Amino acid sequence: MPTDFCPCQSGRPYAECCGPRHDGSRPAETAEALMRARYSAYARGDLAYVARTWAPRTRPDDLAPQPDLTWRRLEVLDVVDGGPDATQGRVTFAAHYRVGADRGTLREHSRFERVAGVWYYVDGC
Ligand SMILES: [Zn+2]
């Protein structure tokens with residue numbers, strides 16, 4: 001039986017990786033875990049998860065899906081802070097995508113914060 005590997009490239013099955021983040025049974029403990037879960041949510045088209053893990057003050061009003069865009073691969077390049085007891089963290093990543101016949105890479109330094117024990121994405125540059 002083929003294993004449904006997680007889109008975040010952890011090498012683990014989705015059901016043991018970002019799946020429990022998405023269904024709320026095991027919220028992300030670290031900034032990196034949230035980063036991976038948000039990438040997987042984008043890859044699976046779960047924009048509701050993307051929205052609810054976005055800090056309210058920076059969350060866009062409208063998260064529109066891009067039906068012709070496919071997320072292909074995630075590389076987490078650097079993690080600063082963001083541990084289970086931290087209140088802030090930063091994750092640098094490269095996310096590879098395809099739009100039609102074109103391929104591209106989004107590189108971002110993302111900032112995360114933990115409020116009342118819950119990690120949120122703040123912004124990126
Ligand atoms: Zn995952």
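Strand E3 (residues 102-115) and strand E4 are joined by 6 bridges and run antiparallel. One of the pairs to look for here is Arg111, whose bridge partner in E4 is Asp123. Keep in mind as you explore that this is a predicted model.

Now let's step back to the whole sheet. It is open, has 4 strands in the order E1-E2-E3-E4, and its pairing is antiparallel. Why is one side of E1 and of E4 left without a neighbour in the sheet? Both E1 and E4 (118-124) stand at the edges, and each has a single partner strand, so one side stays free of a neighbour in the sheet. From one strand to the next, the twist averages 30°. Helix H2 (residues 31-44) packs on this sheet and touches E1, E2, E3 and E4, with its direction at about 170° to that of E1.

Here are two of the strand pairs side by side:

| Strand pair | Bridges | Direction | A bridge pair |
|---|---|---|---|
| E1 (residues 69-81) and E2 (residues 88-99) | 11 bridges | antiparallel | Glu75 and Ala94 |
| E3 (residues 102-115) and E4 | 6 bridges | antiparallel | Arg111 and Asp123 |

The hairpin of E1 and E2 has 6 residues between the strands, and Gly82 takes a positive phi near 80° there.

Finally, visit Leu47, which is found in helix H3 (residues 47-52). Is Leu47 buried or exposed? Its relative accessible area is 18%, so Leu47 counts as buried, the cut-off being under 20%. Apart from neighbours within four places in sequence, Leu47 is in contact with Tyr42, Leu63, Ala64 and Pro65. Leu63 lies 16 residues from Leu47 along the chain, yet their C-alpha atoms are separated by 6.9 Å.

Notes: Residues are numbered from 1 along each chain as its sequence is written. This is a predicted model: local features need pLDDT of at least 70, side-chain atom pairs count only at pLDDT 80 or more; totals for chains, interfaces and linings use all residues. Side-chain values use heavy atoms; hydrogens and water are left out. Helices (H or I, at least four residues) and strands (E, at least two) are DSSP runs, numbered from the N terminus. Buried means under 20% relative accessible area, exposed over 50%, partly exposed in between (1.4 Å probe, protein chains only). Contact means heavy atoms within 4.5 Å. Two strands pair if DSSP finds at least two bridges between them. Axes are lines fitted to C-alpha atoms, for helices over the stretch in contact, and angles run from 0 to 180 degrees between N-to-C directions.
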